[in-house]
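Trainee: I would like to learn how the labels for a fold are justified. Can we work through one together?
Mentor: Gladly. Take a look first.

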Amino acid sequence: MESSNETTLTCYRHPNTPTSLRCNRCGNPICPKCAVRTPVGFRCPDCVRIQQNRFYTGGKLDYLIAVAVALPLSFIAGYVFTFIVARIGFFSWMIAFLAAPPTGGLIAEAVWRAVGRRRSRYLSTVVMACLIVAVLPFIVLILLSGNFLGLVVPGILLFLGSGAVVARLR
Ligand SMILES: [Zn+2]
Ligand SMILES: [Zn+2]
């Protein structure tokens, strides 16, 4: 393989696959199977991984911090929605609709600040899981009381709240 002729290039990961594509960052020849299409052109999987690691600057500790911040806040939110918002009466559902997204956003914002604004791949997933885990006891409580309509308000918190979390921490 001394030749530098473009037609004799082979994929750097599949030496038997001829290709004319090159990674536009490192220049490695890549076959169409290995090439990853990015907004800036085709890249090899190694360069894509390096790029992602640079984007996700958070360490494993950030997940612990996220749980430590999101779990108690979500529990408070679950309590407020179940025992205060749900008992307002006529406007409960509307207030829940209006309050759930900012509540989720607030929890996400608190986590975002606590982790020093570092990005982590699963940060939004972890915070969402905290919200679900924290609201679950209230859901169980409502189910035990047999007041199934009471599920609506914490349900709204879960759905719209996690939506806001994902939007904020994406
Ligand atoms: Zn590359
Ligand atoms: Zn390949």
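**Helix against helix**

Mentor: In this predicted model, α4 passes α5 in a right-handed crossing.

Trainee: What makes α4 and α5 roughly antiparallel?
Mentor: Start with the angle. The two axes cross at roughly 165°. Angles over 145 degrees count as roughly antiparallel. Therefore α4 and α5 are roughly antiparallel to each other. Their axes also come within 9 Å.

Trainee: Which residues make the contact?
Mentor: From α4, they include Leu123, Val127, Leu131 and Phe138. From α5, they include Pro154, Leu157, Val165 and Leu169.

Trainee: How many residues of this contact are nonpolar, polar and charged?
Mentor: 14 are nonpolar, 3 are polar and none is charged. Pro counts as nonpolar and Gly as polar. So Pro154 of α5 falls in the nonpolar group and Gly161 of α5 in the polar one.

Trainee: Why is Val127 said to be in contact with Ala66?
Mentor: Two residues are in contact if their C-beta atoms lie within 7 Å, so this pair meets that cut-off. Leaving aside neighbours within four places in sequence, Val127 also contacts Ala70, Ile107, Ala108, Val111, Val165 and Leu169.

Trainee: Where does Val127 belong in the largest nonpolar core?
Mentor: Val127 is one of the residues with the most contacts inside that core, together with Ala70, Ile107, Leu131 and Leu157. The core has 32 residues. α2, α3, α4 and α5 each supply at least two. The largest share, 10 residues, comes from α4.

Notes
Residues numbered from 1 in each chain as written. Chains lettered and ligands numbered in written order. Predicted model: local features only at pLDDT ≥ 70, side-chain atom pairs only at ≥ 80, totals over all residues. Core = buried A, V, L, I, M, F, W, Y, C linked by C-beta atoms within 7 Å. Buried ≥ 20, exposed ≤ 12 C-beta atoms within 10 Å, placed from the backbone. Helix = DSSP H or I, 4+ residues; strand = E, 2+ residues; numbered from the N terminus. Axes fitted to C-alpha atoms, helices over the stretch in contact; angles between N-to-C directions. Parallel < 35°, antiparallel > 145°, perpendicular 65-115°, else oblique. Left-handed = near helix turned anticlockwise from the far one by under 90°.
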